[in-house]
Each structure stands twice: as structure tokens, then as C-alpha cells.
Amino acid sequence: MRAIVQDEYGPPHVLSLGEVPIPTPGADDVLIRVHAAGVDYGVWHVMTGLPLIARLGFGLRRPRNRVPGMDVAGVVESVGANVTAFRPGDEVYGEATGAYAQFALARPGKLARKPANLSFTEAAAVPVSGVTALRAVGQVTAGEKVLVIGAGGGVGSFATQRAVAGGAHVTAVCSTAKADLVRSLGAQAVIDYTREPLTGTYDLIVDIAGIRPLALLRGLLAERGRLVIVGGEGGGRWFGGLGRLLAVRLITPFTRQRLDALLSLTRTADLDALRDLIEAGAVRPAVGRTYSLAEASTAVGDLAAGNAPGKLVITVD
């Protein structure tokens, strides 16, 4: 089958189109014929092997899994003997191993039925980013003030919509190029970080950009407000943004503000909840750009450069 393969860590050119065997599902696996796959920062981290501490999980000298990609949407090709939740022909979306290929393996606990009102391309934009946003925003109430930093990306576009759907007043932080997108998603106010500083007081801050000091963010937070740090971007070569995530854990017991460092896992229950929101029209994937499988390296490069609004998607079949 055609697949993107990676045999070393490095910049986007280490991703190349090649031929690999179709994976064989084990007793607890689902084999998916991939129609589309999302592009997220998890792929970038595996591609570069950064931060270096992450190689303990990725592989010390080279990626343990040659085929990258997690977000997936497609059709079940076959299932293992122990799988009862899905059967061949089901249209699914979720998280897989090696999604940048014509076929990929997934565990049933990381899959769900695809939203009926989405194409495969749109559905592939949802899983990792949508689940992360769902958990980051949590339950908001009407009138709460929410600040979403990095609102123009994959996670941010979902977080903005989720907060708006909950009745919150949302201020979105993004670059000039992404301002129109976040307004179309319902943000009542937009701060262009290239032109103006962050101001105001908020009940909830979701920080996806990963570079601002905790002291600055806490200064924008209400006395009993909630700050959620998403992911570990930025920082040094060895530990990346993990230091800031650790600081959040250490500070939390000593403040009335609720601070959280979110590392989200994709689960069927969350994917089902997202499908309900999508089919009800409360949220929608913001697909910024699509690429062919052969253009995967360009897609990951564009993600890292921050050039495209919304979620980037690779169309496979």
C-alpha cells in the first residue's frame, strides 16, 4: 500500500511517499481503509523527535513507527476476533496508528461512528483536536468570559465554538490572517497578538499557543478562574514546554485559581459526544487546507509555520 514513511528524525523532508505492507490486525484491532487523515502537532513532534525526552516513547534513534499520523476517517476493512463494536463497512473516525497511509490500525476504544453530516475530509479534522478542546473547555455557563489563545488553529477553532455554544462571551487570540475565521466561529471579540497586548479579566483561559509566562496568564484570570494549558509547545530542545506544564502542577495547590495542564487521550465516549454536537450544528470542523498523501511533508511544514488557519487535512483515498 502507499504510505508516508519516516526512517529518521528531522525537518519535513524526512517524510516521503513509499510502499509498505498492509498492516495485519490483531485480535483487538480494527483495520481501516483510510479516506482522510488530520495534521496535528503530535505528528510534528514525532517527525522532529522533539523535545528529546519524548524519544523515550517515540524511539531513541529513529521513530518506532515508520508511518506517522493519528487523526483518521475512513471505512472499516476488517476487525480482529475480539472486536464487537464495529464491523466491515462501518464509516468511522478517531485515532489510529499510521494514519498517513491507505490502511491503518486502530483500537476500537479510540474510534466512533463518523458524524453523518460530515465528509471524510471534514471528519478527519475532528478527533485529536476536537477531543482536546472538549476537555479543555469543559462546562461553561452563560455569561462567563473565556479567552482562547491560539484560536485560529485546530484545537482553538473547536474550543472557541464549544465555549460559544455554552453561552460564554469568547475573546479569541490569533494572528491577523486568522481573524476572519475565528469571527465566523462565533468569537465576540478578537485580539490580534501581532498588534495588541492581551487585556481583560477572564473566568476561563485556554492557552494553546504555549509560549506565554504563567504569571502573565494568571494576571488575566479571575480570582477563582480556570487556566488550561494545552500541549507542550515552545521551550528548550530537551524538555520543550513540559517545564511550564510541571509548573502548573506545582502552583495549583497554593492558589484559589484552578490551573490545569491538559494532555488529552482520545476515547470513544468523547468522540460520541463530539458527533452529537456536530450533528446538532453546535460545532463544525474548520478545515483550512487539504493536501494529497504525497504532499504530507508540505502539510506538516505548513502546520509548524502557522501559515494556514483551521485544521489541515490529508486526503488519502
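# Exercises on a predicted structure

By class, the residues that line the largest cavity comprise six nonpolar, one polar and one charged. The model examined here is predicted, and each exercise below is followed by a worked solution.

## Exercise 1. The largest cavity

Task: Determine which residues line the largest cavity and which helix gives the most to this lining.

Solution.

1. The structure holds one cavity of 30 Å³ or more, and the volume of the largest cavity is about 30 Å³.
2. Its lining consists of Gly130, Ala133, Leu134, Phe158, Arg162, Leu274, Leu277 and Val283.
3. At least two lining residues come from each of the helices α4 (127-137), α5 (154-165) and α9 (268-279).
4. Helix α4 gives the most, with three residues.
5. Sorting the lining by class returns six nonpolar residues, one polar and one charged.

## Exercise 2. The setting of helix α4

Task: State how many of the 11 residues of α4 are buried, and describe what follows the helix.

Solution.

1. A residue is called buried when its relative accessible area is under 20%.
2. In α4, the residues that meet this condition are Pro127, Val128, Ser129, Gly130, Val131, Thr132, Ala133, Leu134, Ala136 and Val137.
3. The helix is therefore largely enclosed by the rest of the structure, as 10 of its 11 residues are buried.
4. Just after α4, Gly138 adopts a positive phi of about 65°.

## Exercise 3. The second largest pocket

Task: Find how many residues line the second largest pocket, and which of them lie nearest its centre.

Solution.

1. The volume of this pocket is about 320 Å³.
2. There are 19 lining residues, and those nearest the centre are Pro23, Thr97, Gly98, Ala104 and Leu105.
3. Strand β6 (residues 103-106) gives the most to the lining, namely four residues.
4. Division by class gives 11 nonpolar, three polar and five charged residues.

## Exercise 4. Salt bridges across the chain

Task: For the salt bridge between Asp71 and Lys311, establish where each partner lies and how many residues apart the joined parts are in sequence.

Solution.

1. The structure holds 13 salt bridges.
2. In one of them, the side chains of Asp71 and Lys311 meet at 2.9 Å, N to O.
3. Asp71 belongs to strand β4 (residues 71-79) and Lys311 to strand β15 (residues 311-315), so the pair ties together parts that are 240 residues apart in sequence.
4. Both Asp71 and Lys311 are buried.

Task: Repeat the analysis for the salt bridge of Lys114 with Glu91, and decide whether each partner is buried or partly exposed.

Solution.

1. The closest N and O atoms of Lys114 and Glu91 are 3.7 Å apart.
2. This pair links distant parts of the chain, 23 residues apart: Lys114 is in the loop between β7 (111-113) and α3 (120-123), and Glu91 is in strand β5.
3. Lys114 has a relative accessible area of 10% and is buried.
4. Glu91, with a relative accessible area of 40%, is partly exposed.

Task: Classify the two partners of the salt bridge between Arg195 and Asp192 as buried or exposed.

Solution.

1. The closest N and O atoms of this pair are 3.6 Å apart.
2. The cut-offs are under 20% for buried and over 50% for exposed.
3. Arg195 has 66% relative accessibility and counts as exposed.
4. Asp192 has a relative accessible area of 8% and is buried.

A further group to locate in the model is the network of salt bridges that links Arg135, Arg267 and Asp270.

## Exercise 5. Two strand residues

Task: Give the strand in which Tyr93 is found and the strand in which Cys174 lies, and the C-alpha separation of each from a given partner.

Solution.

1. Tyr93 is part of strand β5 (residues 91-95), and its relative accessibility of 0% makes it buried.
2. Glu77 is 16 residues from Tyr93 along the chain, and their C-alpha atoms are separated by 13 Å.
3. Cys174 is part of strand β9 (residues 169-174) and, at 3% relative accessibility, is also buried.
4. Gly152 is 22 residues from Cys174 along the chain, and their C-alpha atoms are separated by 5.7 Å.

## Exercise 6. A nonpolar surface patch

Task: Identify the residues that make the nonpolar surface patch of about 320 Å², and place Ile53 in the chain.

Solution.

1. The patch is made by Ile53, Leu56 and Leu60.
2. Ile53 occupies the loop between α1 (41-48) and α2 (55-58).
3. With a relative accessible area of 32%, Ile53 is partly exposed.

Notes. Residues numbered from 1 in each chain as written. Predicted model: local features only at pLDDT ≥ 70, side-chain atom pairs only at ≥ 80, totals over all residues. Heavy atoms only, no water. Patch = residues over 30% accessible without salt bridge, like charges linked within 9 Å, V, L, I, M, F, W, Y side chains within 5 Å. Areas by Shrake-Rupley, 256 points an atom, 1.4 Å probe, with all protein chains shown as cover. Salt bridge = Lys/Arg side-chain N within 4 Å of Asp/Glu carboxyl O. Buried < 20%, exposed > 50% of the residue type's maximum accessible area, 1.4 Å probe, protein only. 1 Å grid on protein atoms, 1.4 Å probe; cavity = no way out; pocket = protein on both sides within 12 Å on 5 of 7 lines; lining within 4 Å. Points joined across faces, edges and corners; volume = space filled by probe spheres on them. Nonpolar A, V, L, I, M, F, W, Y, C, P; charged D, E, K, R; others polar.
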